[in-house]
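Here are a few short exercises to work through with the model open beside you. Try each task before reading its solution.

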Protein chains: 2
Amino acid sequence: MTDQTALARAFTALADPTRREIFERVASRAQAVGELAGDLPVSRPAVSQHLKVLSDAGLVTARADGTRRIYELDPQGLAGLRDYLDGFWQRSLHAFARAAEQHHQSRQENR
Amino acid sequence: MTDQTALARAFTALADPTRREIFERVASRAQAVGELAGDLPVSRPAVSQHLKVLSDAGLVTARADGTRRIYELDPQGLAGLRDYLDGFWQRSLHAFARAAEQHHQSRQENR
DNA sequence: CGCGTGGGTAAGTAGTAACTTACGGTAAGT
DNA sequence: ACTTACCGTAAGTTACTACTTACCCACGCG
């Protein structure tokens, strides 16, 4: 899983500062669009567009509540990113251990 | 504690497909600039610019070898991203456990 | 010393992304 | 049914980014 396009979408989504701010607010508490827009220095349509990007990236999900749409964190996209980074993390540990070993100076850091 | 600007740089760096490709190649094996450019459909200066972005993000480091510059993976930026995502991961686990606990009796108070 | 190899930087350009205002559409209240 | 609240989409503008070519600097070898 975690195909390349999904990863690209997730990284691209979190690259934008405003979008990352929206993501963090949604993660801390499920919120409606207008609620988010009220606390942010951008217009409501802008927030709506950002939420679409986050949704396409699998980082948030939406549920309807009357005329409002409540957005909340989606663990799926998060797991993809985590797994992806973990792969490199392993490699870096190996490379680092190898380099450290060569200097007779063992330094291990884990989790 | 991985400040905000460092995170932004890391996400921005990995958002671009070409740059992520370069990052992955460097992660798999330490390589020189020309070596990377030879296997990629972009010019050498482009690779150089991408490496600068990755370097500023703390994702790769460079060491000199004669006239060549060997780039390799830097665990530092990787750790920052991992820690950041882990924070949300915890939250998502809690939320998910809470949601699963009460099957579909979920009705949250809003506004 | 020249000369070739290897790379970072400058400047310019095309494409894209983030924002705005304007509009349309659905659900609840009177 | 009319109105109000809430939201997504369309269209247009502006800013940024990824790429190119051209240029310049450092190192190593004959």
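Some notes on conventions come first, then three exercises.

This is a predicted model, in which local features need pLDDT of at least 70, side-chain atom pairs count only at pLDDT 80 or more, and totals for chains, interfaces and linings use all residues. Residues are numbered from 1 along each chain as its sequence is written, while chains are lettered from A and ligands numbered from 1 in the order in which they are written.

**Exercise 1.** List the elements of chain A in order.

*Solution.* Helices (H or I, at least four residues) and strands (E, at least two) are DSSP runs, numbered from the N terminus. Chain A has five helices and three strands. Reading from the N terminus gives α-α-β-α-α-β-β-α.

**Exercise 2.** Work out how chain A superposes on chain B.

*Solution.* Superpose by least squares on the C-alpha atoms of residues with pLDDT of at least 70 in both copies. The result is a rotation of 180° with 0.0 Å of shift along its axis (RMSD 0.1 Å). The two copies are thus related as by a two-fold rotation axis. Now look along chain A: A:Phe11 comes closest to that axis, its C-alpha at 2.9 Å.

**Exercise 3.** Describe the surface near DNA strand C.

*Solution.* Call a residue near if its C-beta atom, placed from the backbone, lies within 6 Å of the strand. DNA strand C is surrounded by 22 residues, and the closest include A:Ser43 and B:Ala32. Next, sort by element: H4(B) gives the largest share, five residues. Helix H4 (44–56) of chain A is among the other elements that supply at least two.
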